Amino acid sequence: TFFESNNFNSVLLIAGTGDDEKTYDRLTRQRLMQPPYDLTDEETGDFVIVQDNIPKNTIDQCEWVAKMVEERKLDSVALFASPYHLVRAWSTLLRTFMRHGIRIPIIPVPTPVPPNLIVPEDGADGQAHVPGEIERIKKYRAKGDVATFEEAMEFINWMWAQPPLATLSSEVV
């Protein structure tokens, strides 16, 4: 499998999505074994974990990730999200981890979609979603659900002091 061939000692966590979206396609282990995914039980094994319940929002998704991190004793997370949503998703996950006392690297990874790709739910492209994300960050930060700029910068500096990033940063002159 992909995980075995790359010597991963990890899991793939697939957070649920809202069922009110036009393109909603609930990913379950069974769905992952159908086209276009075509994964097998052997390929998914204990590596692929799908959120069973349908989350109401990003916080629900992040709470589930925190629970999985604690249960599986994971020591880092790569967070994949659409480019326009990544800052808010990362900041929400950071704040959730802070509430749970989890301090592990969170590597943000934008999904490879062009910014002008139309989002079927509302007919706008990713670029058009950026102002709304900025407003949500402000709103949810005020509620305490999103990390502050200072918390994010402190965490990023901490993260770059951890292996293997510390080695990389010492090589950059």
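At what angle do helix 5 and helix 7 pack, and how far apart are their axes? Keep in mind as we go that this is a predicted model. The angle between helix 5 and helix 7 (residues 149-160) comes out at about 80 degrees, and the axes sit 11 Å apart. Angles of 65 to 115 degrees count as roughly perpendicular, so that is the label for helix 5 and helix 7. On the helix 5 side, the residues that meet helix 7 are Trp90, Leu94, Arg95 and Met98. Helix 7 answers with Glu151, Ala152, Phe155 and Ile156. Sorted by class, this contact has six nonpolar residues, two charged ones and no polar ones.

Let's stay with helix 5 for a moment and look at Thr92, which belongs to that helix. Is Thr92 buried or exposed? Its relative accessible area is 2%, so Thr92 is buried. As for its surroundings, Thr92 touches Thr58, Ile59 and Cys62, and also Asp145 and Val146, once residues up to four places away in sequence are set aside. Thr58, for its part, can be looked up in helix 4, which covers 58-72.

Now for the strands. Strand 3 (residues 77-81) and strand 4 (residues 106-110) pair in the parallel sense, with five bridges between them. To get from strand 3 to strand 4, the chain goes through helix 5 (residues 83-100), and this β-α-β crossover is right-handed. Two pairs help you find the register: Phe80 has Val109 as its bridge partner in strand 4, and Ala81 stands opposite Pro110.

Strand 3 is a good place to look at side-chain directions. In a regular strand, side chains alternate between the two faces of the sheet. Which residues of strand 3 point to one face and are buried? They are Val77, Leu79 and Ala81, while Ala78 and Phe80 point to the other face and are not buried.

Ala81 deserves a closer look. This strand 3 residue has 8% relative accessibility, and since buried means under 20%, Ala81 counts as buried. Leaving out residues up to four places away in sequence, Ala81 touches Leu86 and Ala89, together with Val109, Pro110 and Thr111. If you want a distance to check on screen, the C-alpha atoms of Ala81 and Val113 are separated by 10.0 Å, with their positions 32 residues apart along the chain.

Next, the backbone. Most residues other than glycine have a negative phi, and most peptide bonds are trans. A few spots here are worth a visit with that in mind. What is the peptide bond from Pro35 to Pro36, cis or trans? It is cis, with omega near 5 degrees. Pro36 lies in the loop between helix 2 and helix 3, and Asp38 is placed in the loop between helix 2 and helix 3 as well. Asp38 has a positive phi of about 55 degrees, although it is not a glycine. With a relative accessible area of 46%, Asp38 is partly exposed.

Pro36 also turns up in the surroundings of Arg31, a residue of helix 2 (residues 29-32). Arg31 touches Asp25, Arg26, Pro36 and Tyr37, again not counting residues up to four places away in sequence. You might wonder why Arg31 counts as buried. Its relative accessibility is 17%, and the cut-off for buried is under 20%.

Another positive phi is found at Lys73, where the value is near 55 degrees in a residue other than glycine. Lys73 is in the loop between helix 4 (58-72) and strand 3, and at 71% relative accessibility it counts as exposed.

Two more loop residues round off the tour. Asp46 is in the loop between helix 3 (41-44) and strand 2 (48-50), and its relative accessible area of 62% makes it exposed. Even so placed, Asp46 is in contact with Val11 and Arg72, leaving aside its neighbours within four places in sequence. The C-alpha atoms of Asp46 and Gln34 are twelve residues apart along the chain and 18 Å apart in space.

Ser10 lies in the loop between helix 1 (2-5) and strand 1 (12-14). At 31% relative accessibility, Ser10 counts as partly exposed. From Ser10 to Phe97, which is 87 residues away along the chain, the C-alpha separation is 18 Å.

Terms used: Residues are numbered from 1 along each chain as its sequence is written. This is a predicted model: local features need pLDDT of at least 70, side-chain atom pairs count only at pLDDT 80 or more; totals for chains, interfaces and linings use all residues. Side-chain values use heavy atoms; hydrogens and water are left out. Two strands pair if DSSP finds at least two bridges between them. Helices (H or I, at least four residues) and strands (E, at least two) are DSSP runs, numbered from the N terminus. A crossover is right-handed if, with the strands pointing away from the viewer, the path from the first strand over the helix to the second runs clockwise. Axes are lines fitted to C-alpha atoms, for helices over the stretch in contact, and angles run from 0 to 180 degrees between N-to-C directions. Angles under 35 degrees count as roughly parallel, over 145 as roughly antiparallel, 65 to 115 as roughly perpendicular and the rest as oblique. Contact means heavy atoms within 4.5 Å. Ala, Val, Leu, Ile, Met, Phe, Trp, Tyr, Cys and Pro count as nonpolar, Asp, Glu, Lys and Arg as charged, and the others, Gly among them, as polar. Buried means under 20% relative accessible area, exposed over 50%, partly exposed in between (1.4 Å probe, protein chains only).
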